[in-house]
Each structure stands twice: as C-alpha cells, then as structure tokens.
Amino acid sequence: MRSSGAVTRQGVICDPTMNMSLPNTGNRSHSSAERAGVVVLLTVLVNAFVMKPGLFVDQVVGGLVYGFILVLLALGLSIILGLLGVVNFAHGALFMVGAYLTHQIVVQWGFSFWVALIVVPLLVGVLGIIIERAVLQFIYDENPLIGLLATFGLALMLNEATRATWGGSPLSVPTPEALSAGFTLFTTTVARFRLFTVVVSVLTVVVVYLLIERTDFGLSVRAGVLDREMAELVGVNIHRRFVLMFFLGASIAGLGGVLRGTEVGMDLAMGDQFIILAFVVIVVGGIGSLFGSVVSGLLIGEAVFLTPLLLETLAIRTNIEALAIPGIGGLMPYLVMIVVLLVRPRGLFGQEGFLE
Amino acid sequence: MRATSRRKMLKRIGVASSAGMTLLAGCSNIGGSGDGDGELESLTVGVFAPYTGPFAPWGQSVTTGSILAKQDLTKEFDISIELKEYDTETDPSAALDRMKRAVTSDDIDFAHGGISSAVCTSIGTWASNNGVSYIAQGASDSLSGSDCAQHMFNVYQSNTMMAQSAGPSMAEQADNWYVLYSDYVWGNTGQEVITKSLNENGATVVGKDATPFPGDDYTQYINNVANSDADAVALLIPGLDARLAAEQMMSKGLHEELTVMFHQFEDLVLWGLGKEAAMMVDIGPTGWANAVDGDEEFKQRVVDEGETNPFARHFMAYTSLDQQVRAAMRASSTDAEAITAELEDHELQSPVTDIQGGTSYWRACDHQLVQPTHIVSGLAESEMQDEPYKQWFTVDTSVAGDEVVRSCDATGCDL
C-alpha cells in the first residue's frame, strides 16, 4: 500500500485517497500575465494597508478567523466525501443537531459548556454511525447522486425532528466566562470565543492529518478506499473502518455545531446556510483533498474580508467609484469558486478521476 | 371586474381539476366556501408564514395571532373560519406556488401574512391580479409604492414611517452614523429613507455597507464601522441576522462605544441573546411591542395560546385577519372588490385599537394601514420583566401615523 501518490498533470503530488500533501509547484513556470496579476494584487494590498492600516489588520485577522471556522465546518464533510465517496448533504443537519444538543446540555440540563464540548461531538458521532449503518452502507457502490438524495432526505428528517424537539424559535447558549470577552490582537479586538474556535479548528486539522497519514488505522482506511476487495483480502475490516470514519466526520460536524451555536445561537436554518459554504470550500480546495479544504477555507475567508477593502482602495486611487461594489464580500466564495474552477477544473488540489 | 373574472376562471380550473381527481379516486366530497353575495356562514383564509428558512421563528407568531383573531371573530359573528397555513420559506418563488395552490385548489377566500417584503410582493401581486384580497406584513416602501396592487393592503408600518419616527431621536443621540443594511428590497429602501431622515434632522451618514441576506458573519462590516468616524450605527438587518450582527458587535465591545439603532425592531430578535444584548438597543422603531400600553388580555392570550412571548407579528397577524373578516362581513361578500371597497379609508373600530392605541385607518391611495409607530429602547437589566412574559424594552415615544406617513404623491403608487 502507498501513502503518497503520483504527480498529476497539474503538477500536484496527489494521494488518490486523502491528499494532505503539499502541492509540487517547483518546476512550474509562471506566465507574464500571472506575474502582472501578482504585482497588481500586491500593489493594491500595500495601498490598502497604507490608506487604512487599522481596518486592513482587522480584516486580515477577521478573514483568518472566518477561514478557520469554514475549515472546521468543511473538514467533516471533506473526510466523508474524500474517504467514503458520499456527498453527505446531511452534514449541515448534523452541525445543527450539535448546536441544539449543546443547548440541551448547557441550558436545559445545567452542565457546563466544557462538558458539551466533549459530549456533543460523541453524541453526534453516534448519530452518524446510525445513519451510516441504517442508510449509507447500502449505497457506497452506487451512483453518488443516490447518496446525495438519500442524505438530503436525512437532512429533512433531522430538521423536522429538531423542530419537534426544540421548537422553531431561535435558541442561545451562554458563552463561558473565560471566553466571553474580547482579546486584543495587534491593533484589533477579536472575540475570545472566535480565537478559541480557531485553536480548536487547527487542533482538529492536525489530529485528522495525523490519524489519516501517520497511523496504521489511517493507512488501512486509505488502502480500503483504493481497493476494498484487496484490503479485505489481507484481513482489514473495511466496514468497521468506514463506520469509524463516518463517526469522525459526524463528530467534527457536531463539534462545529457546539462552537457556532455557542457563539451566535442556533436556529433551524443554520445547517442549510453552512452546508452550501462547506461545499464551496471543498470544491475550491479540490474534492478529496483535506489539505485543499484547509487552503480553500483560508483563501475564501481572506477573500470575503479583504476584497471590499481592496476594491474601495482601487476605487479611490482610480477615481472610479463603480469599483467599490456594495455587498461584494458576500459574493466572494462563489466568485473564488468560479475563478478557481475556470483555471483548475478539479479545484486547487483535486484528484484526477475522483468522482468523475 | 377583469380581475374577478380571472379569479373565477382560476377557481373553475382548480375545482374542475379537483373534481376530476376526486371522481377518479372514487370520492365525491367536493366543498369549499363560495365568494358570492349573501350572508357569510363560513370563511377559508390562507395564512402565509415562513415556517422554514431564515424567518422560521416568525412563522408561529403569524399563526398564533391568526388563531386569536379567529376565536374573537367566531364568537362575535357566529361564523365558521378555517385557517389554512402555507409555508413561504422566505422564498418568493416557493411562496407564489403556494398562493396559486391556495387559490386554485384550496379555494381560500382571502389571505394574509408573509414576512419578507420580496415574498409579500410576489404573492400579493399575483393574488391581487387574480381577484384575491391579501394583507401583507412586509415593511418595504415599495409595497405601498411602486409595487402596490389593487387588492393588496399593508398592515405593517412602512420603512418611511419607522425612519421618520426614529430620525429625530437618532439625530439627537449621535451626529455621525454608519448604516449597515441587508441587500434586498427592504434593506435598500430602508437605507434610503434612513439616510434622508438623518440628513433632514441634521445628522450625517459617514459610511454604509450592503450586507448579504441571509448572512453568516457580520465581522467584516463591523470592522468597517469600528474603523470609521461613526459614533452610532443603524442596523437595517432583519430576522435572525440582526441577532448575529448584535452578537458580533458585542464581541468587539462596540455596543458600549456606539449608539445602536435597530430598524423595524422586534423583541424576538434579542430575546435569544439575553438581557445584556437587549440593553444595547438605544433606538428601536417598531410596529408594536408588548411594552405598548394596551390590551393586557391580548398579551396574556398570546402566552397561553402560543407558549411564547407577545411581539409585533402577533399583533400584525391578529389585525390582518380581524380587518379582512370584518370587511367581508360588512360587504356580505368575500369578493376582493367588495373587501377593498370596505377597507379603503376605513378607520379601525375593533379590539385592534385597544391593543395598539391611537388612531388607525386604511389609506385609500396606497393601501397602507396608517397607525402609530413606537420607538423602544432596552431597559436596565434590573427592570426587565420575565413573567408572565418577557418585557425587556420600554416605549420611549409613540408617533401618530399621520405625522410620519409619506404623502400620497410621494409613494409612487397608482391605484
């Protein structure tokens, strides 16, 4: 079995299972248009910094934090898609259930947030196992569209179950004292809870990386994805490993729900809202690439926060007011996706042949 | 008359389809209330509300308000009223499909509801064009302006009414304002009238940002506010997004530094965030709040019926059904032409006036319910009431509708 793969036509070292490796861009020559683009971007960035240094730092830090939140939300989805080949549309619903379970544990049962932080991902993980055993195990070899439809149905069921259990009104969870205030970072103030989310996100990425790339368990899972029959022939219990990977993916969704629900509260639409963004992150990063999801999340985070400022700077410098497009930040995830797919149809670090 | 004919044609098609289907299924139970003249014994009313989507928490309040009105009207007029609920999803297209089904298949007599202005425009225009009376709950100026329709009425105070009510208080509390507004019809028209109102009252708008709706993060816009010369911020952000923006402002500590105005404020938004967040509301123009001095029994009935705290949408839904049914009873008809004729220039004389206070009437030129607008602010935490329902805000000012409503010429509505 191999843990690292071949060089694709795009010059990316590609692991056919879960690519966490860095891209190999050493031999790639850059066109003059690309160089010009980079120069223009750097010039605008420097101009923006000079014109509004406080706001520039605010937006860079804000984009980084937002990017890591996106990474956490997309990670579980990426694992399930990359390893099991299932387009899990119920991921957003699992994320939402995580938030509501946090409310149940913290507000209704009176336990601390820290208890919820541990228990909720486990509960959502168990829910993921039930979903995997009851539905998804039967469709692994089917057309991905069937998995998408099945998980979409599951998402609707989870949504209605949540409404029946906790009602349709928005709920909130008190932020723990230690994480409730703001934190001064350089020249800006960032909510401590958001920084805590970043730390959790980074730790989760590292743990997932180590699990998949540096353990026998991860190796056997990747082997199973490459060739299930061969892996089973040499004694690997692939079913159990797939169940555990689904548990991991669902747990990360639950973890995201705990953090997001505590930060801004919860409602029945929160899952739908983020599932789209999570898919955008995965598509931009390249389906099947965890490393791509991390890079993509951060890229989109910075694009969302910095683009309005950069366009405003351009508008001022060029005296063309139309360049400062109102509401451009909200469009950036989709614009980034369009541009990346035009240049690299499989995403930044996508694998040739995966789900094609 | 043309509109009525179209409606009748649609109904006939719907009834014919239903009859065909039921006969095919071996069932002959074809019913539904008619729309002809004569004594009304039963009514079927479409209640349009967002039971899913970004306004989902608002949906149940529309139902609860309608149920309370139905109870009162049934008792008063000895009439049978059936409420049929339709989920608008805050999606104009989905809501329109449901309105078409309600009229052609379910044979509703008239309809009310819809929270988002885009949804109200979509279903209200179609209903009106097809001879169905409809009362909207959106607050965009366009509903009683460029998008007004012959049989569509607007129960919620318009953006202009709320902006004009809040303008003097806003200018008094701060000179430099930053405006964050949701980038859709309600937010766009709202920021225009807020800017105009601030300028007229001597204040300045130092910056403004259009924000996506629904949005998932407002930090980038809040950073813009923090790095501007503003000493106050106006949030024209509806629904749960307002809660998110408020939460993220608090995380940056801006709620202590800036004067904060929530446009078209509704208590529900901040109940979920807690009392500290509620205290950040310095100026909140609203259509109705449970702090309005009025019928206490209504507020208690909302709690009993809806197991929730009373707020603006309960009142708006109650008023909508109350007014449509009374108009139909006066006209002895559910025909849209007859209801419209009864509502135009009608001054309210029903339990609604006890709940809202002041004088309210349906203006004929744009079909806007001209009624008082209230400016609320957050109470100190020690003064906030939790039982028998949450009352965390106090009414600072109530302004008569006639003082703040646009002139008929300024609406752009041609009825």
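Is B:Glu296 buried or partly exposed, and at what relative accessibility? At 43% relative accessibility, B:Glu296 counts as partly exposed. The coordinates behind that value are those of a predicted model.

**Salt bridges**

Start with the partner. B:Glu296 forms a salt bridge with B:Lys299. Their closest N and O atoms are 2.9 Å apart. The two residues sit three residues apart in helix α12 of chain B, so about one helical turn separates them. B:Lys299 is buried, at a relative accessible area of 1%. The pair therefore joins a partly exposed residue to a buried one.

Helix α12 of chain B, residues 296-306, also carries B:Arg301. B:Arg301 forms a salt bridge with B:Asp72, and the closest N and O atoms are 3.0 Å apart. B:Asp72 lies in helix α2 of chain B, residues 59-77, so this pair ties together parts that are 229 residues apart in sequence. B:Arg301 counts as buried, at 18% relative accessibility. The cut-off for that label is under 20% relative accessible area.

Chain A offers a pair within one helix. A:Arg163 forms a salt bridge with A:Glu160, the closest N and O atoms being 3.2 Å apart. Both lie in helix α5 of chain A, residues 144-166. They are three residues apart, about one turn of the helix. A:Arg163 counts as partly exposed, at 23% relative accessibility. A:Glu160 is also partly exposed, at 41%.

The three pairs are set out below.

| Salt bridge | Closest N and O atoms |
|---|---|
| A:Arg163 and A:Glu160 | 3.2 Å |
| B:Asp72 and B:Arg301 | 3.0 Å |
| B:Glu296 and B:Lys299 | 2.9 Å |

These belong to a wider set: the structure holds 19 salt bridges over all chains. A network of salt bridges links A:Arg194, A:Glu263 and B:Asp217. That network has members in chain A and in chain B. Side chains of opposite charge can pair when their charged atoms come close.

**The antiparallel sheet of chain B**

Three strands of chain B form an open sheet in the order β10-β13-β14, with antiparallel pairing. Its edge strands are β10 (284-286) and β14 (393-399), each pairing on one side only. From one strand to the next, the twist averages 30°.

Strand β13 of chain B spans residues 373-378. It pairs with β10(B) over three bridges. Two residue pairs place that contact: B:Gly284 has B:Val376 as its bridge partner, and B:Pro285 has B:Ile375. Towards β14(B), β13(B) is joined by six bridges, again antiparallel. There, B:His374 has B:Ser398 as its bridge partner.

How many of the six residues of β13(B) are buried? Five are, and the strand is mostly covered. Helix α5 of chain B, residues 159-173, lies across β10, β13 and β14 of that chain. The helix runs at about 55° to β13(B).

**The parallel strands of chain B**

An open sheet of four strands follows the order β7-β6-β8-β9 in chain B, with parallel pairing. At its edges stand β7 (204-211) and β9 (259-262); each has a single partner strand, so one side of each is left without a neighbour in the sheet. The twist averages 15° from one strand to the next.

Strand β8 of chain B, residues 232-236, pairs with β9(B) in the parallel sense over four bridges. Within this pairing, B:Ala234 stands opposite B:Met261 of β9(B).

Another parallel pair in chain B is β3 (residues 110-113) with β4(B), joined by four bridges. B:Phe110 has B:Ser133 of β4(B) as its bridge partner. In a regular strand the side chains alternate between the two faces of the sheet. Strand β4 of chain B covers residues 133-136. B:Ser133 and B:Ile135 point one way, B:Tyr134 and B:Ala136 the other. All four residues named are buried.

**A nonpolar patch on chain A**

Chain A carries a nonpolar surface patch of about 650 Å². A:Trp109, A:Phe111, A:Val115, A:Ile118, A:Val119, A:Leu122 and A:Leu123 make it. A:Phe111 lies in the loop between α3 (91-108) and α4 (113-134) of chain A. Why can A:Phe111 count as partly exposed? Its relative accessible area is 45%. The label applies because that value falls between the 20% limit for buried and the 50% limit for exposed.

Key
Residues are numbered from 1 along each chain as its sequence is written. Chains are lettered from A and ligands numbered from 1 in the order in which they are written. This is a predicted model: local features need pLDDT of at least 70, side-chain atom pairs count only at pLDDT 80 or more; totals for chains, interfaces and linings use all residues. Side-chain values use heavy atoms; hydrogens and water are left out. Patches are made of residues with over 30% relative accessible area and no salt bridge: like charges are joined within 9 Å, nonpolar side chains (Val, Leu, Ile, Met, Phe, Trp, Tyr) within 5 Å. Accessible areas come from the Shrake-Rupley method with a 1.4 Å probe; for residues, only the protein chains shown count as cover. A salt bridge is a side-chain nitrogen of Lys or Arg within 4 Å of a carboxyl oxygen of Asp or Glu. Buried means under 20% relative accessible area, exposed over 50%, partly exposed in between (1.4 Å probe, protein chains only). Two strands pair if DSSP finds at least two bridges between them. Axes are lines fitted to C-alpha atoms, for helices over the stretch in contact, and angles run from 0 to 180 degrees between N-to-C directions. Contact means heavy atoms within 4.5 Å.
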